[in-house]
Amino acid sequence: MPIQKPALSEHPINTLINDRWSPRAFNSKTVENTTLMSLFEAARWAASCNNSQPWRFIIAKSEDKDAHDNAISCFNERNQRWVKNAPVIGFVCAYKLMPNEKPNRTYFYDTGMAMAHFSLQALEHNLYLHQAGGILIDKIIADYSIPADVDVVCGFGLGYQGEAAILPDELAERELEPRKRNSITEFTFSNSFGESSNIFKK
Ligand SMILES: Cc1cc2nc3c(=O)[nH]c(=O)nc-3n(C[C@H](O)[C@H](O)[C@H](O)COP(=O)(O)O)c2cc1C
């Protein structure tokens, strides 16, 4: 049975945002290319500064064992423990320049927008995404010939949920931990940074 970890939201939110979470237990079921296309299509329609669309993806599917094995080897050892089970493994990269070759100040932000779309579209297909900053950047740059004007941002595993029992004990326990967040008052300000916004005053 898939583990459900809905947000403990204090205000009503969109169902996909509510239900998204980052499992580490994936099953081996193949993700069809037509389904993957929907995820990339969702990423494609993200907003970005001046429509610069700096996101770039590298993906490896388990059907191509050599490519999948190599992608696994580009994660740090802690992340390899779970990402090896994901039938789709990827790296999201970001192009640092605007189309006019000037620096793009928001290229990481824009790329995060695309990943947010990607993760929510995934859930519409019962697919889950687990992102990982714990990746071997220099190895990725070398293995995938990443150009100098592109940054490697994050790795990810994608797939259908598997049983927590396939994970090492420590990770299986974390699979069941409740999800936690800061309260809105801690990050929403009006007059002065750090001072809760007056929208919270009755
Ligand atoms: C940019 C980024 C980097 C992350 N890096 C890792 C990582 O290296 N290893 C890991 O297990 N999880 C990683 N995560 C997953 C987060 O720990 C997870 O999203 C967070 O705890 C919130 O949990 P939730 O996604 O289930 O709501 C990362 C997530 C993001 C967005």
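This is a short chat about one helix and the ligand site of a predicted model.

Student: What should I know before I start?
Tutor: The model is predicted, so local features need pLDDT of at least 70 and side-chain atom pairs count only at pLDDT 80 or more, while totals for chains, interfaces and linings use all residues. Residues are numbered from 1 along each chain as its sequence is written, and side-chain values use heavy atoms, with hydrogens and water left out.

Student: Which residues of H2 are buried?
Tutor: In H2, a helix (a DSSP run of H or I, at least four residues, numbered from the N terminus), the buried residues (under 20% relative accessible area, 1.4 Å probe, protein chains only) are Thr 35, Leu 36, Leu 39, Ala 42 and Ala 43. They cover an arc of only 115 degrees, taken from the directions from the helix axis to the C-beta atoms, which puts them on the same side of H2.

Student: And which exposed residues does the face turned away carry?
Tutor: That face carries Thr 34 and Met 37, where exposed means over 50% relative accessible area.

Student: Switching topic, which residues are closest to the ligand?
Tutor: Of the 14 residues that surround the ligand (a heavy atom within 4 Å), the closest are Ser 22, Arg 24, His 130, Gly 133 and Arg 181.

Student: What does the ligand's nitrogen atom lie 2.8 Å from?
Tutor: It is a polar backbone atom of Gly 133, and this is a polar contact, a pair of N or O atoms within 3.5 Å. An oxygen atom of the ligand also lies 3.0 Å from a polar side-chain atom of Arg 20.

Definitions and conventions
Helices (H or I, at least four residues) and strands (E, at least two) are DSSP runs, numbered from the N terminus. A polar contact is a pair of N or O atoms within 3.5 Å; within protein, one must be able to donate a hydrogen and the other to accept it, and residues adjacent in sequence count only if both atoms are side-chain atoms.
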